[in-house]
Structure formats: C-alpha cells, structure tokens
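Student: I am new to this one. Could you walk me through it and show me how each label is earned?

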Amino acid sequence: MSLRLATVLAAGLALAACDNAGTGPPEMDTSENAAALGDPMDTSDRESLTDRQVSERFIEVFYNQNRLTDGFEAWVHPDYIQHDPNSPTGRDPTIAVLADHMQANPEMTHDVKRVIYGDEGPDGTLVAVHYHFKRAPDDRGSAVVDIYRVQDGYLVEHWDVIQPVPEEALNDNTMF
C-alpha cells in the first residue's frame, strides 16, 4: 500500500468517527444534490472541474440516482484500473458487469453515509465513499468503502472494502 493511500485511509478512519465527516448536509435529498451540482451528467466542462466536483457528479449519478452504467460512461476513464479481484479492469468491461448486476438486483440501494475527500495533487485526488449497500429492501446488506483516484476529470482507479452487516453485534454501535 502506498504511503499516500495509507495516509488517506488513516485520515478517513479518523474523520469517520466524526458525525457526517466530509459530507454534505445529511438532510439534503437526491433532488437537492442534483440541483446543487447542475446536471451531474454534463461532462462538457470536464477540464475545468476540480477532482472533488468530478467525484460529486459521479456520486450523484452512481450512488444517489442508482444509475451505475450512466455514471461509469460519463465519469470513468476508459483505462480505469480496478483493484477488486472479483471485477474486471477497464471501464467498458466494468460497465458490462454493472449492467448484469443491475438486472439481477433491480431493487438494490447505495445509502451513502459519508464521503471523504483527500487533497488534490499531481497524481489526482483520493475519494472514499462509505455506504450501506443492499441488494433488496429486506437484505441486511454490507458496509462498503469505495476508494477512487480521480485525475484530469475522470475516475481512474478503484479499491474497495466490503463487510457484511451481521445479524448481531458485540456492541451497540452501528457500522455506519
């Protein structure tokens, strides 16, 4: 693991302990998020957007609107690097897997709990999205952290950590 990734992850863990660390107002619904961003599918000004703005647009489409393939087509670089060993690398092979995933799980949800933004630098920005993924309404789901590297108007690299939500916990804290 690179020092930069380790630093961002450590900072993310520290921020995660704070209520709503690095996120917008929790009461802001999807339509308000979209209005604040303008059209989150508008890539015409990609070169002028900050890495954070690119991330915010992608998060709105992919997670909040549950339009996985649209988000990837608009905001992910064709040479996307995937570190999840269960997923293909490259944007287009990933879109094919996402399309199958959406068809098999039409009721899935991605309830974003927090987003942590790293500092922008010459190699881009690392962004961590912590969310509750559920395949169906009655599914306990999983706690997931997706980490993206954003550079030059695109998401270019991805790592993830997935942990099933257990039926019982040894403490009264939630996973979120």
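Tutor: Happily; below we take the labels in turn, asking what stands behind each of them.

Student: What kind of model is this, and how many helices and strands does the chain have?

Tutor: The model is predicted. The chain has five helices and five strands, and from the N terminus on they run α-α-α-α-β-α-β-β-β-β. Of the 176 residues, 38% count as buried.

Student: How do you know that the span of helix α3 agrees with its number of residues?

Tutor: Helix α3 covers residues 51-64, which is 14 residues. At 1.5 Å a residue, the helix should span 20 Å. The C-alpha atoms at its ends are 18 Å apart, so the two values agree.

Student: What makes α3 mostly covered?

Tutor: Of its 14 residues, 10 are buried. Among them are D51, R57 and E60, along with V54, F58 and F62. Just after the helix, N66 takes a positive phi of about 60 degrees.

Student: Why is F62 called buried?

Tutor: Buried means under 20% relative accessible area. F62 has 6%, so the label fits. F72 has 3%, so F72 is buried as well.

Student: And why is Q163 called partly exposed?

Tutor: The cut-offs are under 20% for buried and over 50% for exposed, with partly exposed in between. Q163 has a relative accessibility of 47%, so it counts as partly exposed. Its place is in strand β5, residues 154-164.

Student: Which residues is Q163 in contact with, leaving aside neighbours within four places in sequence?

Tutor: Those are S142, A143 and M175. There is also a separation to look at with V144: this residue and Q163 are 19 residues apart along the chain, while their C-alpha atoms are separated by 6.4 Å.

Student: Let's turn to the rings. How many aromatic pairs are there?

Tutor: The count comes to eight aromatic pairs.

Student: Why is the pair of F62 and F72 called tilted?

Tutor: Ring centres must lie within 6.5 Å to pair; planes under 30 degrees apart are stacked, those over 60 are edge-to-face and the rest are tilted. The centres of F62 and F72 are 5.8 Å apart and their planes stand at 45 degrees, so this pair is tilted. The pair links distant parts of the chain, with F62 in helix α3 and F72 in helix α4 (residues 68-75), 10 residues apart.

Student: What makes the pair of F72 and Y80 edge-to-face?

Tutor: The angle between the planes is 80 degrees, with 5.2 Å centre to centre; edge-to-face asks for over 60. Both F72 and Y80 are buried. Ring pairs link these two residues with F58, F62, Y63, Y131 and Y148 into a cluster.

Student: How do you know that the charged end of R52 sits over the ring of Y117?

Tutor: One part of the test is a distance within 6 Å of the ring centre. The charged end of R52 is 3.9 Å from the centre of the Y117 ring. R46 likewise lies over the face of Y154, at 3.9 Å from the ring centre.

Student: Which residues touch the most other members of the largest nonpolar core?

Tutor: In this core of 24 residues, they are F58, Y63, F72, Y148 and L155. The largest share of the core, five residues, comes from α3. Leaving aside neighbours within four places in sequence, Y148 is in contact with F58, Y63 and L155, among others.

How values were computed:
Residues numbered from 1 in each chain as written. Predicted model: local features only at pLDDT ≥ 70, side-chain atom pairs only at ≥ 80, totals over all residues. Heavy atoms only, no water. Helix = DSSP H or I, 4+ residues; strand = E, 2+ residues; numbered from the N terminus. Expected span 1.5 Å × (residues − 1). Buried < 20%, exposed > 50% of the residue type's maximum accessible area, 1.4 Å probe, protein only. Contact = heavy atoms within 4.5 Å. Phe/Tyr/Trp six-rings, centres within 6.5 Å; stacked < 30°, edge-to-face > 60°. Lys NZ or Arg CZ within 6 Å of the ring centre and 35° of its normal. Core = buried A, V, L, I, M, F, W, Y, C linked by side-chain atoms within 4.5 Å.
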